[in-house]
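Okay everyone, thanks for coming. I'd like to walk you through one protein model today, starting from the outside and working inwards.

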Amino acid sequence: MAGVQTAVALREGGFTGSVTLIGAEPHQPYDRPPLSKAVLLGKAEGSAFDVDFEALGVELRLGLEVTGVRPAPRELDTAEGPVPYGVLVVATGAEPIRLPGAEGVPGVHLLRTLDDAERLRPVLARQHDIVVVGAGWIGAEFATAAREAGCSVTVVEAADRPLVGALPAEVTAPMATWYADSGASLRTHARVERVEPGAVVLDDGSRLPAGAVVVGIGARPATAWLAGSGIELGAHREIVADDHLRTSVPDVYAVGDCASFPSGRYGERLLVHHWDNALQGPRTVAANIVGETPAPYDPVPYFWSEQFGRFVQYAGHHGSADTLVWRGDPASPSWSVCWLRDSRLVAVLAVGRPRDLAQGRRLIESGATLNPTSLADPGLPLKGAAV
């Protein structure tokens, strides 16, 4: 997404120089969200972007892995030899974290690429017993698809609840019930001791039958190839970009899952592993390359997830909030949670309430002061809480 959108934004911005898009995968550039949904369930063959690269004058070099960058001669190292650049945009995204000790065990899968989804599609079609390791966003989405396909699903999570790194305990507590409601089993405080062909063994000695194992324990920026380049990396091995998505090396930008940026709105550096960030960031990068002076890159982070028959949306960043306000009953099909700091909305989570999300996102952008009592009334429009 980030690489394709950068190329498109450059042409839309009037850039007339050559544009080359290099990707390690052999497939036409594609969108990732459908992989855990339509592609996985066989409802779509692929999710290639509807972009005419030839008409845009964008050269695609597919199936070509970049192994290094040398800023002084402005060259990339590849298996086909050096590739020169004038301006470089790094959009290598993130790569899934692998389960230690599971490499090479038959039936162990990740879900990040089109090839991953195509390998998993027949697994679901055969309705195997499936163990999902990790109750994060991708684990929940895959469990949802597997249940829809008729598979028996057990999700194991080392922490005491799902989405432990993403949301506070009081918010994830009602979400834990969604698993059982869908017919999936959620086992928390469950650490994987080892994976064997046909089974997952937990550290308490219990043995779970597994025709397939899907690992969803997180992702990390795909930046190992930048070793020795002089491009500054952060604590999570992400590229440290400035508020215009420039790296520490001249004429090198970074966008999407592989880069963090300073947020003036939230007063901290953000590393956002979500689709919308990969959509918005390229506009800032392209504007800088063509010589415009765009505003600092400081979006309201946004993402969505479809799981267990619910549409979950989140906007903002709740880390610095001082007040949490519920809108509706979390046992019901639709409800929202709002986070405030100094009576201003900083984040909103909406379950089946898309209007709350849309209005909340605008209120975060505007910095409006809200009345918490009005905000807590789910019968009132969220924007009606503005003072």
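**From the surface to the inside**

So, let's begin with the surface: the accessible surface of this protein adds up to about 17,100 Å², and carbon and sulfur atoms own 50% of that. Before I go on, please keep in mind that what you see is a predicted model.

Now the overall dimensions. If you follow the C-alpha trace along its principal axes, it spans about 60 × 55 × 35 Å. How does the radius of gyration fit with a compact globule? Well, a compact globule with 387 residues would come out near 21 Å, and this protein has 22 Å, which agrees.

What is the chain built from? The secondary structure comes to eight helices and 25 strands. Of the 387 residues, 48% are buried. And if you take the contacts with a separation of 6 or more, 57% of them are between residues 24 or more positions apart.

Okay, let's pick one helix and look at it properly. I chose α1, and here's the thing: nine of its eleven residues are buried, so the helix is largely enclosed by the rest of the structure. Which ones are they? The buried residues of α1 are Ala2, Gly3, Val4, Thr6, Ala7, Val8, Ala9, Leu10 and Arg11. Yes, there's an arginine in that list. And what covers them? The cover includes the strands β1 (19-23), β2 (58-62) and β6 (88-90), along with the helices α2 (53-56) and α6 (275-289). After α1 comes Gly14, with a positive phi near 95°.

Let me zoom in on Leu10, which sits in α1, residues 2-12. Is Leu10 buried or exposed? Its relative accessible area is 7%, and buried means under 20%, so Leu10 counts as buried. Leaving aside residues up to four places away in sequence, Leu10 touches Phe15, Val19, Ala286, Ile289 and Val290. To get a feel for distance, compare that with Ala149: Leu10 and Ala149 are 139 residues apart along the chain, and their C-alpha atoms are separated by 41 Å.

Right, on to the empty spaces. How many cavities of 30 Å³ or more are there? The count comes to one, and the volume of this largest cavity is about 40 Å³. Its lining is made of Ala135, Gly136, Ala140, Pro162, Leu163, Met175, Trp178, Tyr179, Gln307 and Phe308. Helix α5, residues 169-181, gives the largest share of that lining, three residues. By class, the lining of the cavity has eight nonpolar residues, two polar ones and no charged ones.

Now hold that in your head while we look at a pocket. The second largest pocket holds about 180 Å³ of space. There are 13 residues lining this pocket, and those closest to its centre are Lys37, Leu41, Thr144, Glu148 and Glu306. Two elements give two or more residues to the lining, namely α4 (137-148) and β21 (302-307). Of these, α4 gives the most, with four residues. What classes do the lining residues fall into? For the second largest pocket, the lining divides into six charged, four polar and three nonpolar residues.

So put the two linings side by side: no charged residues around the largest cavity, and six charged residues around the second largest pocket. That's my tour, thanks for listening!

Terms used:
Residues numbered from 1 in each chain as written. Predicted model: local features only at pLDDT ≥ 70, side-chain atom pairs only at ≥ 80, totals over all residues. Heavy atoms only, no water. 1 Å grid on protein atoms, 1.4 Å probe; cavity = no way out; pocket = protein on both sides within 12 Å on 5 of 7 lines; lining within 4 Å. Points joined across faces, edges and corners; volume = space filled by probe spheres on them. Nonpolar A, V, L, I, M, F, W, Y, C, P; charged D, E, K, R; others polar. Rg over C-alpha atoms; globule rule 2.2 N^0.38 Å. Buried < 20%, exposed > 50% of the residue type's maximum accessible area, 1.4 Å probe, protein only. Contact = heavy atoms within 4.5 Å. Areas by Shrake-Rupley, 256 points an atom, 1.4 Å probe, with all protein chains shown as cover.
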